[in-house]
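Trainee: I would like to go through the fold and the packing of this protein with you. May we begin once the model is displayed?

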Amino acid sequence: MGGLSGLLSQIFQGIRQVKAYGMEGHEEKRAGKAIDKVRSLNVKAVRVSNMTTPVNEVLIGLILMGVIIYGGTQAAAGTMTPGQLGAFLAAFIMAYEPMKKLSRLTSGLQMGLGAASRVFEMMDIVPAIASVDGAQVLSTRTPEITFENVEFQYEEADIKALKNINFTAKSGSVTALVGPSGGGKSTIINLIPRFYDALAGSIRIDGVDIRHYTLASLRGHIALVSQDITIFDESVAENIAYSRPGASFEEIEAAAKALLPMISSVRCRRGMTRFWAKTA
Ligand SMILES: Nc1ncnc2c1ncn2[C@@H]1O[C@H](COP(=O)(O)OP(=O)(O)OP(=O)(O)O)[C@@H](O)[C@H]1O
Ligand SMILES: [Mg+2]
């Protein structure tokens, strides 16, 4: 089920690519295969769980028979009263239903354990990017961002995405990175909130390497509008206040007004590939 839902969400996320490249048939086949697998596993689970019922019934019948034979001879010999035997049989029959339910528990438990192991696997992953011990809290209203000889390579790539990146984004000014598609603009931006760490060189804010700031305070100073925009299924106000739950209406309104000039400049330049980094 985990595999199937992962596959489906991937297909739906990339539905434009699927349609643009005419891959509907291919994806249908892939999803069909996964659905078939889930179905055959379900049939197997149902078969096993339904097999336990008749097996249990037969076993319980045999036990009951044994109890009656043994209890009967004991009662006939006078070592047990018929009342004691009757009480035992009544208790045994009352315990029968719960015991049957208990045997059915395993299949549900197995399914849950399968899902849980995947969740725990995720929870056990130690984030590669974390605050270092003794990291300081970034607190600035006039940050200056400096890149010095920064290099970066994506894990799965053969060549470096960034080499020899040197620039300073001064406080109080707008810095625009302009370049061809695939030039590395988004990669540079992604290094500032430490979505990735640089391979070499240093990125400093107010002269201090960003790795020496706590992650929370670093990211708390950044407003990110990426080229892959996600609007959450909530109110517009909640989307604006996304990083500050509990922001007042006045604050939300002020943020919306402050964004307006940026939005209009993005609109009138649509078609160019570039990224804005606006420092306070
Ligand atoms: N997650 C990733 N894994 C591997 N390689 C990547 C990844 N993201 C980007 N790249 C590669 O890194 C290089 C720089 O990409 P980047 O997205 O930074 O360019 P960009 O300047 O933002 O382009 P665009 O103008 O199209 O947005 C490209 O060669 C790209 O293929
Ligand atoms: Mg980009």
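The exchange below takes up the overall form first and the nonpolar cores after that.

Trainee: How many helices and strands does the protein have?

Mentor: Please note that this is a predicted model. From the N terminus on, the elements run α-α-α-α-β-β-β-α-β-β-α-α-α-β. The count is therefore 8 helices and 6 strands.

Trainee: Is the protein more spread out or less spread out than a compact globule?

Mentor: The C-alpha atoms fill a box of roughly 105 × 50 × 40 Å along the principal axes. For 280 residues the globule rule gives 19 Å, whereas the radius of gyration is 33 Å, well over that value, so the protein is more spread out than a compact globule.

Trainee: What percentage of the residues count as buried?

Mentor: A residue counts as buried if 20 or more other C-beta atoms lie within 10 Å of its own. Of the 280 residues, the share that meets this is 5%.

Trainee: Which element gives the most to the largest nonpolar core?

Mentor: This core has 8 residues in all, including Phe147, Val150, Phe152 and Leu162. Two or more residues come from each of β1 (145–152), β2 (162–169) and α5 (185–191). The element that gives the most, with 3 residues, is β1.

Trainee: Which residues are in contact with Phe147, leaving aside its neighbours within four places in sequence?

Mentor: Phe147 belongs to the largest nonpolar core, as does Ile165. Beyond the excluded neighbours, the contacts of Phe147 are Ile165, Asn166, Phe167 and Ile203.

Methods. Residues are numbered from 1 along each chain as its sequence is written. Chains are lettered from A and ligands numbered from 1 in the order in which they are written. This is a predicted model: local features need pLDDT of at least 70, side-chain atom pairs count only at pLDDT 80 or more; totals for chains, interfaces and linings use all residues. Helices (H or I, at least four residues) and strands (E, at least two) are DSSP runs, numbered from the N terminus. The radius of gyration is taken over C-alpha atoms; the globule rule is 2.2 Å times the number of residues to the power 0.38. A residue is buried if 20 or more other C-beta atoms lie within 10 Å of its own, exposed if 12 or fewer, and partly exposed in between; C-beta atoms are placed from the backbone. A nonpolar core is a set of buried Ala, Val, Leu, Ile, Met, Phe, Trp, Tyr and Cys residues joined through C-beta atoms within 7 Å. Two residues are in contact if their C-beta atoms, placed from the backbone, lie within 7 Å.
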